Amino acid sequence: MTSPARRERGVLFFILAAGLLAILTPRTHAAETITAKERPMADLRTTVQATRAEVERDYLHQAFPSPVPAFAFELMIPKDWLWFEKDGRPAKADGGLQLLARYGEKNQEAITEVYAQQIEREVAPEDWLDPWMAANHYTVVARRSVPSDAGRNADVLASRSVQGQPYLYRLRTFKNGKFIYLLHSFAPERRYATAEDAFLVAAASFKLTEAKPQPTMEILQDVALNKVFQLGFKVPASWTVRADDSVDADCQSWGLSNGTGADRAGMINVYTAPRDRFRAPDQIAHLVANGMRHLGASFADGALREVPTGTTGVSFWTADTPATLGQRSALVRQTVIATAKGWAVFTLVTPAGPSDPYLVTAINKRAFDIAITSLLNALAPAG
């Protein structure tokens with residue numbers, strides 16, 4: 001048995017350097033003059049007000065064929081809307097944010113645009129959208145997170161001013177394989193209420209017609225948990241995995257690194273222990289946190305909150321805590337999972353700040369979500 005001090009030092013080995021891992025970020029519309037406009041928060045309407053009969057009468061299925069399978073889709077638009085053929089329709093993926101199609105009223109006041117963004121690393125669309133909105137000066141009015149096997153999607157109501165006129169935007173993301181899709185719908189603020197149903201119908205009916213379903217763009221690797229749980233979890237293959245052998249013989253600790261050496265840009269630790277080793281989730285979370293403090297991270301213990309898992313016999317707590325590492329702002333996210341057999345603690349340390357042009361935080365959060373979700377799926381009863 002190792003001493004508590006040694007166990008604390010060995011729970012997590014972590015180096016966070018200034019190197020950033022590249023991922024292409026979306027481009028802004030050069031023709032627009034944009035300034036942020038403050039608005040009060042509002043409820044986010046998510047249900048279509050028109051009846052099903054009215055939708056069937058007033059809307060049509062608009063197919064978008066493409067020589068690029070990932071770009072082929074269909075959605076429903078009002079019958080009196082136009083498809084602006086001259087805008088969009090790329091013949092190949094170029095790695096950036098690409099306009100596929102543009103639909104709207106004849107006067108082009110209410111518009112729905114469909115974009116595709118090719119990504120180089122696994123990210124959740126919600127985390128991808130946040131820095132894009134910040135860079136393009138959107139003000140978030142209301143939002144929700146939509147769970148998905150491909151990563152959390154975003155549904156956002158936002159505002160901004162274009163050439164001095166206030167506009168409202170409905171932004172909705174989807175993801176498949178190495179592409180994120182953005183439905184970018186907007187209208188002048190004075191017209192938004194009458195156009196919102198069309199935006200919601202477009203989002204609800206959007207689907208890819210040629211691309212095969214693919215939840216992740218990266219191959220996943222399996223990491224074994226063979227001391228307490230006799231199962232494992234998954235993480236993108238681009239992450240480096242290293243066992244930490246300094247923990248007690250009946251415990252287990254893995255260090256997962258986003259990049260290596262000077263290019264290391266994030267770290268996840270996974271620590272397991274028998275259930276009778278700790279009385280409460282705060283106790284084991286504190287042990288893991290101390291392992292990071294020995295390595296120079298500065299932060300307070302997080303206030304764990306319990307979250308329902310939907311799986312009998314599995315408890316789940318999580319906390320986000322601001323941190324610093326050297327002179328850099330960081331975030332510590334801890335998730336504690338408990339069963340009758342034992343504890344599993346997932347801890348993420350990632351850069352955090354107002355600007356993340358390379359989406360390092362998004363990459364780190366997505367890997368963290370994949371690891372936790374894969375363990376919860378393994379713990380769920382078969383059937």
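This is a short tour of one predicted protein model, from the whole chain down to a few single residues.

Hi everyone, thanks for coming. Please keep in mind throughout that we are looking at a prediction.

Let me start with the whole chain. The protein has 383 residues, and 56% of them count as buried. Its secondary structure comes to 6 helices and 21 strands. If you take the contacts with a separation of 6 or more, 57% of them join residues 24 or more positions apart. We will meet some of those contacts as we go.

Now, the open space. The largest pocket holds about 960 Å³, and 37 residues line it. Which of them lie nearest its centre? Those are Arg152, Asp369, Ile370, Ile372 and Thr373. Several elements give two or more residues to this lining: the strands β7 (139–146), β12 (220–225), β13 (231–236), β19 (315–325) and β20 (328–338), together with helix α6 (360–379). Helix α6 gives the largest share, with 11 residues. If you look at the domains, the lining draws at least three residues from domain 1 (37–208) and at least three from domain 2 (220–379). As for its chemistry, the pocket lining has 16 nonpolar, 12 polar and 9 charged residues.

Then there is the enclosed space. How many cavities of 30 Å³ or more does the structure hold? The count is 1, and about 40 Å³ of space lies in that largest cavity. Around it you will find Phe299, Ala300, Gly302, Leu304, Ala319, Thr321, Val332 and Gln334. The elements giving two or more residues here are β19 and β20, both of which also appear in the pocket lining. Sorted by class, the cavity lining has 5 nonpolar residues, 3 polar ones and no charged ones.

While we are on β20, let me point out Ala338, which sits in that strand. Is Ala338 buried or exposed? Its relative accessible area is 1%, so Ala338 counts as buried. Leaving out residues up to four places away in sequence, Ala338 touches Arg275, Gly313, Val314, Ser315, Trp317 and Trp343. Another pair to display is Ala338 and Pro274: they are 64 residues apart along the chain, with their C-alpha atoms separated by 9.6 Å.

Next, a charged residue in the interior. Asp155 lies in strand β8, residues 153–162. Why does Asp155 count as buried? Because its relative accessible area is 4%, and the cut-off for buried is under 20%. What does its side chain pair with? There are polar contacts with two arginine side chains, Arg144 at 2.7 Å and Arg170 at 2.8 Å. Both arginines also appear in the wider set of contacts, which, beyond four places in sequence, takes in Leu44, Thr46, Ala142, Arg143, Arg144, Val146, Arg170, Leu171 and Arg172.

From a strand to a loop: Pro90 is placed between β4 (82–83) and β5 (97–104). With a relative accessible area of 17%, Pro90 is buried. Beyond its neighbours within four places, Pro90 is in contact with Ser66, Phe71, Gln98, Leu99 and Leu100. Take Ser66 from that group: it is 24 residues from Pro90 in sequence, and the C-alpha to C-alpha separation is 8.1 Å.

Let me turn to helix α3, residues 125–135. Its buried residues are Pro125, Glu126, Asp127, Trp128, Leu129, Trp132 and Met133. As a reminder when you look at that list, an α-helix has 3.6 residues a turn, so residues three or four places apart point the same way.

Following α3 comes His137, in the loop that leads to β7. His137 has a positive phi, near 65°, and is a residue other than glycine. Where does His137 stand on exposure? At a relative accessible area of 42%, His137 is partly exposed.

There is another such residue to show you. Gln163 has a positive phi of about 50°, although it is not a glycine. Gln163 is in the loop between β8 and β9 (165–176). Gln163 counts as exposed because its relative accessibility is 62%.

So, if you open the model after the meeting, here are two places to start: Asp155 with its contacts to Arg144 and Arg170, and the pocket around Arg152 and Asp369. Thanks for listening!

How values were computed
Residues numbered from 1 in each chain as written. Predicted model: local features only at pLDDT ≥ 70, side-chain atom pairs only at ≥ 80, totals over all residues. Heavy atoms only, no water. Helix = DSSP H or I, 4+ residues; strand = E, 2+ residues; numbered from the N terminus. Buried < 20%, exposed > 50% of the residue type's maximum accessible area, 1.4 Å probe, protein only. Polar contact = N/O pair within 3.5 Å; in protein donor to acceptor, adjacent residues only side chain to side chain. Contact = heavy atoms within 4.5 Å. 1 Å grid on protein atoms, 1.4 Å probe; cavity = no way out; pocket = protein on both sides within 12 Å on 5 of 7 lines; lining within 4 Å. Points joined across faces, edges and corners; volume = space filled by probe spheres on them. Nonpolar A, V, L, I, M, F, W, Y, C, P; charged D, E, K, R; others polar. Domains from an automatic or database assignment.
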